[in-house]
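Q: Please take a close look at the helix packing within chain A of this model. I would like a connected account of which helices meet, at what angles and through which residues.

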Amino acid sequence: MSFLKSFLLLLCLLTGFSGAALSQEDLESLRPLVNALAEGKFKETEKQVADLAATGNPAVAPLLEALGNGDLQFRKSDKAVFITRSAGKGYQLIDPLTLEPAGDASRSEVSKIKVNNGLRRSIRAALGSLTLMAKDPAVRLSAAEAVFKAKDPDAIEALDAAIAKESDNDVRLVMEQARAAAVLNSTRGDADKLEAIGVLASMGNRDALSLLTGFAASAEGEQKAAADKAITRINKSLALWGNAQNIWYGVSLGSVLLLAAIGLAITFGVMGVINMAHGEMVMIGAYVTFVVQEMIRSSAPWLFDYSLLIALPLAFVISGGIGMAIERGVIRWLYGRPLETLLATWGISLMLQQAVRSIFGPTNQEVGNPSWTSGAFELGQLTITYNRMWIIVFSLLVFAGLMLVLKKTPFGLFTRAVTQNRRMAASMGIRTPWIDALTFGLGSGIAGIAGVALSQIDNVSPNLGQGYIIDSFMVVVFGGVGNLWGTLVGAMTLGVVNKFLEPYAGAVLGKILVLVFIILFIQKRPRGLFALKGRAVEA
Amino acid sequence: MMTSFLFRTLDARAGIFIGLMLAAVVLVPALNLLVPEGSTFHVPTYAVTLMGKYLTYALLALSVDLVWGYCGILSLGHGAFFALGGYAMGMYLMRQIGTRGVYGDPVLPDFMVFLNWKELPWYWYGFDMFPFAALMVLLAPGILAFVFGWFAFRSRVTGVYLSIITQALTYALLLAFFRNDMGFGGNNGLTDFKDIFGFDIQAGTTRAGLFAASGLALVVCFLICRAVTRSKLGKVLVAVRDAESRTRFLGYRVEHYKLFVWTLSAMMAGIAGALYVPQVGIINPGEFAPANSIEVVIWVAVGGRGTLVGAVLGAILVNFSKTWFTAALPEIWLFALGGLFVVVTLFLPKGLLGLMDKGWSAVRRRPAKDTAAHRAEPQPAE
Amino acid sequence: MTRQTSLLYLDGVSVSFDGFKALNDLSLVIAPGEMRAIIGPNGAGKTTMMDVITGKTKPDSGEVYFNGVVDLTGEDEASIAELGIGRKFQKPTVFESHTVWDNLELALKAPRGPFATLFHIISGAEKSRIEELLTLIRLSDKRDELAANLSHGQKQWLEIGMLLAQDPKLLLVDEPAAGMTDAETMETAELLKDIARTHSVVVVEHDMHFIRALGVKVTCLAEGSVLAEGSLDHVSANERVVEVYLGR
């Protein structure tokens, strides 16, 4: 019975949907056929059902369903037909075509349209042909899916007929799967069931698995063996998809790590300056996004979808500017003393956090997602959300852009010259202090635009940066200092490893394991995955 | 032998320091317990506890100075050793509660009953006995430091790299101790202590006793640090700090020296944590926060690294300011602390003690011979 | 000479850094009691060779034996130093925040373990040995001065003093005369000749006057392997040496 209920509900939904497309006249033209049900005997009713079905109009499905359930009654006074629902002592009347409420009636005012088993069969066949053979492929698909869920053996014949006529491959596949589910639930013989198991096995998802598991529990002999084999096969394919999902999540986490770490890879990796305020540069970028969105909301709401694009250059300039100020004001006095640099920049990070806390308050700020970053799409058995996907794309773009700047521009050439041999660069006329400041500004600016991206997936609060600083250092150290490719590989590796550990160890323990792993890894390769070698390293 | 080892190298400054500490150990409890309330000389109990807390911080700072000031190992994870010592003490205090907990379970601490645990985890065994707990106060941080150091120093992880992985270490422990499954009270940690050695933990006399114990521990650890740094081993440590690979070519196994002083320092931090917990009445995972460990480093830097006395001075001064600021101007405190980091590293590389030395030598009109002072000038990166 | 009778024996040693061959099939044998001068252009592999001998760099291939039997490739810096190989660096490295006296005390041959040094109390014999060395390197009146305050030449000498305090069997001396005046250079040469009477010494130097003053067998390295070997005159006459190093 629960099948019928859900089927009815579904049909209501579907017809409600397609009903909108049907004009009022179309519906009313059906009215005489419907009201004819109030007259006559079984024989006539059967013909009337066939007539209704012959219209091919999905709007008649709910009333046929109601008829099969014995919920279709007519008002004695005017012989008008209604779907009825028990309400208190009487009935609530529902118009069978528009499905709108049509008042109440006491029990004595209406009379049930009688059906017997023979008639029920014809109703089901009619319904099957109505929905499974409806014109709209979406209706057929939904009908097939409903049968799959219900595993109703009675639907097999209707399905067979539908499959024979089906022209859409996707829909036919679902129908065959629905048929297989129904067959498993029926009393048919070995051959049919084995075939059904085969169909379900190739379906390969969780629904098929639970169906087969339920079946295997009560099956015997050859059927059980086949079902068990199918279960193993599905488990294997599910594990494969599970891995794909872990990789996806891992790459997604890796791209976040990459964004957070890539600026650090410049300041720490290329310049050798350890900037503990790096996380705060990210945080400032996120706050820039917040401010930009606030201004857009209050003065130009139509720009909201472009808010991130506007925030990007602003975040780059503001974070970069603050970074340059820090370099000129503090860090340049501490070159060659990394431990002191570490402490001084930590102090700066405390001050920046407190400044943001004083201005914006300690609570999380609401940063919205533009429409193009919300939503998701399906890929096989993966659900891919747009904002994660954009962050991956964005992080790779930032990485590529940075590579380009460092390898192909004069500024990049100067930077590399200064980091390799400061004195030589200076004597060739490169203004090394400016290169230092600009390089540091570049690293900080990139942290700022990372903040714009991270504002989309993380809480924007004064503590935002603190959450990333240790992870970022781990990525840079793991990947190998002074090597941007190492940072990319390091970020992705750590992201994926983290996500693979999570199912076994839980999120927190997974993270701890990754930290322990890195600590051990640094023992083995103190200079990271892609280490520079040679005499220069020790100097 | 041992006494001569401890006392053979005392100079005037160390003598003054020890004298002051011992005077405080006697005077503060006396002024608290013997002088009637209302008298101008009475020291209220909350002040005794506060000062006792400062002394445990001073001991923590001392342990950081031993590794950073003398051996060049900048630890950003000493808070972990402090907290481990604190947890060992906290576990003893939890077991002392007995049936007086909210749930009245004679064996299980309240949080375990709350989590529906049926029996005590194995690693809680023995903590009802103080000698065992005291041993663990030393061994828990000591063993962690030994294992960590053995790996890190053997593979020659130095400088900033080492600092970062010490930070990762304490961060990992922070995450771990937040978990309820660890059996250390999760988020809330261990608290609601009742008594210590049978004395009420809230009583004024107990508080005074804990203060005195903290002061004495500080003096003893100071003497040990002093003896270590003034021995030939101490000279090797400084040699490692200044020119690690040169020391190796002289035939010293640098990793053994580092491991020795690192483990010793971790144990001292553990003692500090153990004395801290009964005075503040709680230990929770927050003590593992990386920010705490970095703050310790700035105490040492403020006082003057590599001086021992400076570490104690810095810890007390900074924490006194913190108490004052967070009460009077809470908004300003992080600016002040952050500013302190910047100012000290830029302008006071030798800390307050260095400044005092400079002042004295200026008064005596003797040109400062110490070239380390000019090393503090900004140098271009090489 | 065979490996067994040699003091230091390098055979077919190669080291490369990221594709750059710093040492290329280098073979070198030092006899007990010998003093050898090594010359060669920048990048010839002189310092890398020292790194390999003292355990700082592990060779990719080849054999390094000390005393004919000890395989140095399996040892680290500390144990190689304990075996009796002392090294003076190109850039003088002394412990700047220690006094001259402490620098020598640290270098003095004594047990090197942490617990030995923790309870170490300096003996009369050690004191007199340090006094002796102070006289030898002419720093007696600077004994309480911080090493940081010494002049460049004095640091070089202090480092040689530390090398002697270690009492090694073999001294590796990298450019001892760099940054010295002519007079200091000659004095240093005399000092090294003195030392060579009781120790084996390998000296790397660019200063031809210095090499000539030493008057010992010379090996010229280039591009990571031996170019020529023999007396200074013999080596200077070699066409290739003139071409890559001495210049015409």
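A: The account below follows the helix pairs of chain A and then turns to its contact with chain B.

The model is predicted. The domain assignment divides chain A into domain 1 (1-132), domain 2 (134-219) and domain 3 (244-488). The centres of domain 1 of chain A and domain 3 of chain A, taken over C-alpha atoms, are separated by 64 Å.

The first pair to consider is helix α6 (residues 137-150) of chain A with helix α8 (residues 169-184) of chain A, whose axes lie 8 Å apart at an angle of about 20°. Angles under 35 degrees count as roughly parallel, and α6(A) and α8(A) are therefore roughly parallel to each other. Their crossing is left-handed. On the α6(A) side, the contact is formed by P137(A), R140(A), L141(A), A144(A), E145(A), V147(A) and F148(A). These meet V171(A), V174(A), M175(A), Q177(A), A178(A), A181(A) and A182(A) in α8(A). By class, the residues of the contact of α6(A) with α8(A) comprise 11 nonpolar, one polar and two charged.

Helix α8(A) also packs on helix α9 (residues 190-203) of chain A, at an angle of about 135° and with the axes 8 Å apart. The helices α8(A) and α9(A) are therefore oblique to each other, and α8(A) passes α9(A) in a left-handed crossing. Here α8(A) contributes E176(A), Q177(A), A180(A), V183(A) and L184(A). Their partners in α9(A) are D192(A), K193(A), A196(A), V199(A), L200(A) and M203(A). The contact of α8(A) with α9(A) has seven nonpolar, one polar and three charged residues. Residue Q177(A) takes part in the contact with α6(A) and in the contact with α9(A).

A further pair consists of helix α11 (residues 221-270) of chain A and helix α19 (residues 466-479) of chain A, whose axes come within 8 Å and cross at roughly 65°. The helices α11(A) and α19(A) are therefore roughly perpendicular to each other. This crossing is right-handed. From α11(A), the residues L257(A), A260(A), A261(A), L264(A), A265(A), F268(A) and G269(A) meet Y468(A), D471(A), S472(A), F473(A), V475(A) and V476(A) in α19(A). The contact of α11(A) with α19(A) divides into 10 nonpolar, two polar and one charged residues.

The UniProt record (unreviewed entry) places the feature "transmembrane region" at several spans of chain A, among them 247-274, 389-406 and 473-497. Over residues 247-274 of chain A, the chain is 86% helix and 0% strand, with its end C-alpha atoms 31 Å apart. Residues 389-406 of chain A are 100% helix and 0% strand, and the end C-alpha atoms of that span are 26 Å apart.

Beyond its own helices, chain A meets chain B in a contact that takes 38 residues from chain A and 42 residues from chain B. On the side of chain B that touches chain A, two or more residues come from each of α6 (130-154), α7 (159-178), α12 (290-303) and α14 (330-347) of chain B. The largest share of that side, 14 residues, comes from α7(B). By class, the side of chain B that touches chain A has 30 nonpolar, eight polar and four charged residues. For chain B, the UniProt annotation "transmembrane region" (unreviewed entry) covers spans including 160-178 and 332-349. Residues 332-349 of chain B are 89% helix and 0% strand, and their end C-alpha atoms lie 24 Å apart.

Notes
Residues numbered from 1 in each chain as written. Chains lettered and ligands numbered in written order. Predicted model: local features only at pLDDT ≥ 70, side-chain atom pairs only at ≥ 80, totals over all residues. UniProt positions renumbered as here; feature names shortened; annotations may be inferred. Helix = DSSP H or I, 4+ residues; strand = E, 2+ residues; numbered from the N terminus. Domains from an automatic or database assignment. Axes fitted to C-alpha atoms, helices over the stretch in contact; angles between N-to-C directions. Parallel < 35°, antiparallel > 145°, perpendicular 65-115°, else oblique. Left-handed = near helix turned anticlockwise from the far one by under 90°. Contact = placed C-beta atoms within 7 Å. Nonpolar A, V, L, I, M, F, W, Y, C, P; charged D, E, K, R; others polar.
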